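Visitor: I'd like a close look at the aromatic pairs here. Could you walk me through how the rings sit and what surrounds them?

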Amino acid sequence: MELTTGIFKAAGQIYTNNRGSILRTIIYTIGHFAIAITVLMFVADVSFMIALTDAIVEPIANSIWYFILDKWWASKSKNS
């Protein structure tokens with residue numbers, strides 16, 4: 001019980017401290033899913049299931065990269 005409470009409390013603090021970055025990351029990821037599926041189906045002529053798989057896996061990696069980049073960028077902007 002104590003472990004679960006600690007995890008939820010830590011997750012809440014992470015969300016509170018990074019709300020703007022998390023929201024931008026989620027919006028970016030949703031847009032990336034739609035764009036990736038569309039491009040793969042029309043340009044690469046792959047099936048919907050293959051496009052969907054790639055559209056899920058690749059943006060997850062990109063969203064992690066974007067979050068790190070956004071946090072770094074914001075820290076540099078504060079110092080200027």
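Guide: Happy to; we'll go through the aromatic rings and then the helix that carries several of them. Please keep in mind that this is a predicted model. Searching the whole structure turns up two aromatic pairs. In one of them, the ring centres of Tyr28 and Tyr66 lie 5.3 Å apart with their planes at 15 degrees; planes under 30 degrees apart count as stacked, so this pair is stacked. The two tyrosines come from distant parts of the chain, 38 residues apart: Tyr28 belongs to helix α2 (residues 19-42), while Tyr66 belongs to helix α3 (residues 48-79). As for their surroundings, Tyr28 is partly exposed, at 33% relative accessibility, and Tyr66 is also partly exposed, at 22%.

The other pair is made by Trp72 and Trp73, whose ring centres are 6.3 Å apart. Their planes meet at 75 degrees, and an angle over 60 degrees counts as edge-to-face, so that is the label for this pair. Trp72 has a relative accessibility of 47%, which makes it partly exposed. Trp73, at 54%, is exposed, because the cut-off for that class is over 50%.

Now for helix α3 itself. It has 32 residues and spans 45 Å from its first C-alpha to its last, close to the expected 46 Å. Its buried residues are Ala51, Ala55, Pro59, Asn62, Ser63 and Asp70, and these pack against α2. So if you follow α3 in the viewer, you can look for two links to α2: the buried residues that pack against it, and the stacked ring of Tyr66, whose partner Tyr28 sits in α2.

Conventions: Residues are numbered from 1 along each chain as its sequence is written. This is a predicted model: local features need pLDDT of at least 70, side-chain atom pairs count only at pLDDT 80 or more; totals for chains, interfaces and linings use all residues. Side-chain values use heavy atoms; hydrogens and water are left out. Rings of Phe, Tyr and Trp (its six-membered ring) pair if their centres lie within 6.5 Å; planes under 30 degrees apart count as stacked, over 60 as edge-to-face and the rest as tilted. Helices (H or I, at least four residues) and strands (E, at least two) are DSSP runs, numbered from the N terminus. Buried means under 20% relative accessible area, exposed over 50%, partly exposed in between (1.4 Å probe, protein chains only). The expected span of a helix is 1.5 Å times one less than its number of residues. Contact means heavy atoms within 4.5 Å.
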